[in-house]
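Biologist: I should like to examine how the structural terms used for this protein are justified. Please display the sequence and the structure before we begin.

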Amino acid sequence: MTFVIQRGRFSPVMTAYDGGPSQERHSVCGTGTARVCRSAPSGGGKEPETMPVPVPRQRETPVTESGQAVLHAVAPPTPIGADVAQATPHATALTLLVIEDDPAGGLTVPEILDADGHRIRLRTARNLTEAERLLTPDVHCILLDLSLTGARGPGVAAGATATTATLDQQLAVLHQVLRLAPRHAVLVLTDEDDAERAAEAVRVGAQDFLFRDELDGRLLSRAIRYAVERKRADIAQYKLAESKLRAQENARLERGLLPTPLLEGSDLRFAARYRPGRSRALLGGDFYDTVRTPDGTVHAMIGDVCGHGPDEAALGVELRIAWRALTLAGLCGDDLLATLQEVLEVERPCEEIFATLCTVDIAPDGRRAGLCLAGHPAPLISRPGRRARLLPYENSGPALGLLPRARWPRRQVELGGTWSLMLYTDGLIEGRIGEGKERLGQDGMVEMINRHLDLGLSGEGLLEASVTEARRLNGGELTDDVAVVLLSRSEG
């Protein structure tokens, strides 16, 4: 079978022979009706018999890029069990959906090939209702005739033409197409004297425009490929901008979840450093807080939820907020930790999750403190004229969430008049030293802090230098979350 496209109208001609003694010749005229001529074998001398045969219109019109396109007839249905790869040799070919209200003769789409030489498949819709039905996922691009009269958008009068309708009315159909196909490339077709409308269509959202009088196969093929790639780039750019906005929102949220110390009326100085182990995150499973109650006592806390993912970060925030609320309500020591364990057991995603905790309650005079440890490293204290050392950590209790009905003894510690107390999580001490398996550890941390104190560092400078050196010794970023809190007091 052979189909021929002529300029302005579809005029197929089909010829087939069965190869038998009695031959049938099928000819199809431009009206879409076939005539079958039966003839006797050679030498019979009988006049041919003519019989009309209807030829259905093909909805999909594959074409090639040549002067006169030769169209392949639609293949018969693939038999059950047939090789799908052989049945669809051009599965990656582009598909173009043409929306115009007179497919029979109003718009002539020339023959087109894609970049690999494969035919570009065509579908034609007379209105937006039919276009929505034909807009399947395998459609890559839409060609919209802006002079559409049978599928006008809202606000366009029934008798309006392209010259009488306003610019907004003329683009109403394009707006509807863009709403129907937000992820498809869209080309618009218009007359050469409508350049203003074509430019406005691109501003509205179309990828490109074409003039009707200049339309040919090579130009249309290039425009389709350009529109598809530009739409992909637009979608990628939109996703990038969306991810940046989401990251900014997450950053604002995480910053809002970090604590603000409540130390009004206290003579203590506060400093903190926080580094989450998660990439591109501001919040991890470590948490800390400091508040001053009405009786003048300063309560400080630092904790660590096992793991450093988003679930652990959320649980850490819940424990911190619960600790602040319970502390302001007057709880401390064993009673507070027992209640926090109940919160942990209810909020944790699985029973394997636990949290370590260190709480310090500094008396109003600033000279002594109560210390509770729940599986957490002991704080470090430094005083003028003395080497920094760890506070006693004997008789500490288990981490929260490990043992039901556990107890956490509270130990009294003498601080003195002038001192600095550093609370930290294990992310600071578990970093490696060089390329071996040796860890910094608590002893190595104490030596590092003493070196920095000998250099006269204190407050923010001491914490920044300590975290920076721990990273340097580790040979890069620390893999675990790191939180460090420093409380200092100078007598007089």
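Biologist: Why is D191 called partly exposed?

Modeller: The relative accessible area of D191 is 29%. Buried means under 20%, exposed over 50% and partly exposed in between (1.4 Å probe, protein chains only), so D191 falls into the intermediate class. The model is predicted: local features need pLDDT of at least 70 and side-chain atom pairs count only at pLDDT 80 or more, whereas totals for chains, interfaces and linings use all residues. Residues are numbered from 1 along each chain as its sequence is written, and side-chain values use heavy atoms, with hydrogens and water left out.

Biologist: What makes the contact of R212 with D191 a salt bridge?

Modeller: The N to O distance is 3.0 Å. A salt bridge requires a side-chain nitrogen of Lys or Arg within 4 Å of a carboxyl oxygen of Asp or Glu, so the pair R212 and D191 qualifies. The pair links distant parts of the chain, 21 residues apart: R212 is in the loop between strand 11 (208-211) and helix 6 (217-257), and D191 is in the loop between strand 10 (185-190) and helix 5 (195-204). Helices (H or I, at least four residues) and strands (E, at least two) are DSSP runs, numbered from the N terminus.

Biologist: How do you know that strand 10 is mostly covered?

Modeller: Six of its six residues are buried. On one side these are A185, L187 and L189, and on the other V186, V188 and T190.

Biologist: What makes strand 9 and strand 10 a pair?

Modeller: DSSP must find at least two bridges between two strands for them to pair. Strand 9 (residues 141-145) and strand 10 run parallel and are joined by five bridges, and L143 has L187 as its bridge partner. Strand 10 and strand 11, also parallel, are joined by four, with F211 as the partner of T190.

Biologist: How many salt bridges does the whole structure hold, and which residues does R126 share a network with?

Modeller: The search finds 20 salt bridges. One of them joins D289 to R324, with the closest N and O atoms 2.7 Å apart. D289 in strand 13 (residues 286-292) and R324 in helix 7 (residues 310-328) are 35 residues apart, and the pair thus links distant parts of the chain. Both D289 and R324 are buried. Elsewhere, salt bridges with shared partners join R126, E130 and R133 into one network.

Biologist: Why does the pair R126 and E130 count as a salt bridge?

Modeller: The closest N and O atoms are 3.8 Å apart, which satisfies the limit already stated. E130 is buried because its relative accessibility is 12%, while R126, at 36%, is partly exposed.

Biologist: How do you know how many disulfides there are?

Modeller: A disulfide is defined as a pair of cysteine sulfur atoms within 2.5 Å, and the search of the whole structure finds zero. C306 is in no disulfide, its nearest cysteine sulfur, that of C350, being 7.4 Å away. For C350 the closest cysteine sulfur is in C306, so the separation is too far for a bond. C350 is partly exposed because its relative accessible area is 33%.

Biologist: What makes strand 12 and strand 18 edge strands?

Modeller: Five strands form an open sheet in the order 12-21-20-17-18, with antiparallel pairing. Strand 12 (269-275) and strand 18 (389-390) each pair on one side only. Within this sheet, strand 17 (residues 380-382) and strand 20 (residues 419-424) are joined by three bridges, and S382 has S420 as its partner.
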